[in-house]
Amino acid sequence: MIDLYTAATPNGFKVTIALEELGLPYRVIPLDLSALDQKQPDFLAINPNGRIPAIVDRDNDDFAVFESGAILIYLAEKAGKLLPKDPKRRSQALQWLMFQMGGVGPMMGQANVFYRYFPEKIPAAIERYQKEGRRLFEVLDGHLAHHEYLADEYSIADIATWPWVRIHEWSGISIEGLTHLQAWMDRMAAKPACQKGINIPPRKEETPEEAAKRVQSMMTR
């Protein structure tokens, strides 16, 4: 049994999608980010960085894993799926996973903050992150022109990237003209595990005050 500490965010959805695809039994422990559950001592003992998601593998001596990319690798290796065994193809999947972890996620996350939540509008910051997000989308589009999935076969790289790209409108980033990216998004959205995973745990409506607290928690430890 995997205990999954999570919330309704793109990083959280990566893990629920992967768990659904892999068929591993898991229990969801939802954290209220606006209440700063992720900063409480019990959770910090699992993830010292105070971020979701994190897992505890009860079948492996209560082994804890934090950072969504590390969790995806751990789960794929545990189940023997969603990560190619051939060294070169495995490397390709990990390269695109790191592209998401180091590029798509952080740039879109900052776009979200400055475009949606920051107490004052800073046009230069909004433009900077939206333009970089669009550039990264163009990289994906160019690659997907010749590949059905990011590492040719469906993998944790796709699972990591799709929950972020699908919310491009929330970040104010257009995908107009990126036909290969759009086709890949459609392929991902059609998968039952993706459809189920983005609803675990259910998203709750936030008050403006709760949103402000959540954003503050994203910007501070």
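**Entry 1: two rings to begin with**

I looked up Tyr5 and Phe43 before anything else, and both turn out to be buried. A reminder to myself: this is a predicted model. How many aromatic pairs are there by the rule I used? I count seven aromatic pairs. Tyr5 and Phe43 form one that is tilted, with 5.9 Å from centre to centre and 50° between the planes. I then checked where the two rings sit along the chain. Tyr5 belongs to strand E1 and Phe43 to helix H2 (residues 41-44), so the pair links distant parts of the chain, 38 residues apart.

**Entry 2: a stacked pair**

Next I turned to Phe114 and Tyr129, a stacked pair with 5° between the planes and 5.8 Å from centre to centre. This pair, too, links distant parts of the chain: I find Phe114 in helix H4 and Tyr129 in helix H5, 15 residues apart. Are these rings buried or exposed? Phe114 counts as buried because its relative accessibility is 12%, and the limit for buried is under 20%. Tyr129 has a relative accessible area of 18%, so Tyr129 is buried as well. I also noted a cluster here, in which ring pairs link Phe114, Phe118 and Tyr129.

**Entry 3: charges over rings**

I went looking for charged side chains over ring faces. Arg187 lies over the face of Tyr149, 5.7 Å from the ring centre. Lys191 does so over Tyr154, at 4.1 Å from the ring centre.

**Entry 4: the nonpolar cores**

Which residues touch the most other members of the largest nonpolar core? That core has 59 residues, and my list reads Ile55, Leu75, Val104, Phe137, Leu140, Leu181 and Trp184. I then asked which elements supply at least two residues each. They are strand E1 (2-6) and the helices H1 (10-22), H3 (68-79), H4 (87-117), H5 (123-144), H6 (156-165) and H8 (179-189). H4 gives the largest share, nine residues.

I picked Leu140 for a closer look. Setting aside residues up to four places away in sequence, Leu140 touches Trp96, Phe99, Val104, Leu150, Thr161, Val165 and Leu181. There is also a second, separate core of ten residues, and Tyr5 from my opening entry is in it, along with Ile29, Ile52 and Val56, among others.

**Entry 5: Leu83, a loop residue**

I found Leu83 in the loop between H3 and H4. Is Leu83 buried or exposed? With a relative accessible area of 7%, Leu83 is buried. Not counting residues up to four places away in sequence, Leu83 touches Ala76, Glu77, Arg90, Ala93, Leu94 and Ile156. I also took the C-alpha to C-alpha distance from Leu83 to Ile167: these two are 25 Å apart in space and 84 residues apart in sequence.

**Entry 6: Glu67, another loop residue**

My last stop was Glu67, in the loop between strand E4 (63-66) and H3. Glu67 counts as partly exposed because its relative accessibility is 36%, which falls between the 20% and 50% limits. Which residues does Glu67 contact, leaving aside neighbours within four places in sequence? I noted Asn49, Pro53 and Met101. From Glu67 to Ile200 I get 18 Å, C-alpha to C-alpha, with their places 133 residues apart in sequence.

Key. Residues numbered from 1 in each chain as written. Predicted model: local features only at pLDDT ≥ 70, side-chain atom pairs only at ≥ 80, totals over all residues. Heavy atoms only, no water. Core = buried A, V, L, I, M, F, W, Y, C linked by side-chain atoms within 4.5 Å. Buried < 20%, exposed > 50% of the residue type's maximum accessible area, 1.4 Å probe, protein only. Helix = DSSP H or I, 4+ residues; strand = E, 2+ residues; numbered from the N terminus. Contact = heavy atoms within 4.5 Å. Phe/Tyr/Trp six-rings, centres within 6.5 Å; stacked < 30°, edge-to-face > 60°. Lys NZ or Arg CZ within 6 Å of the ring centre and 35° of its normal.
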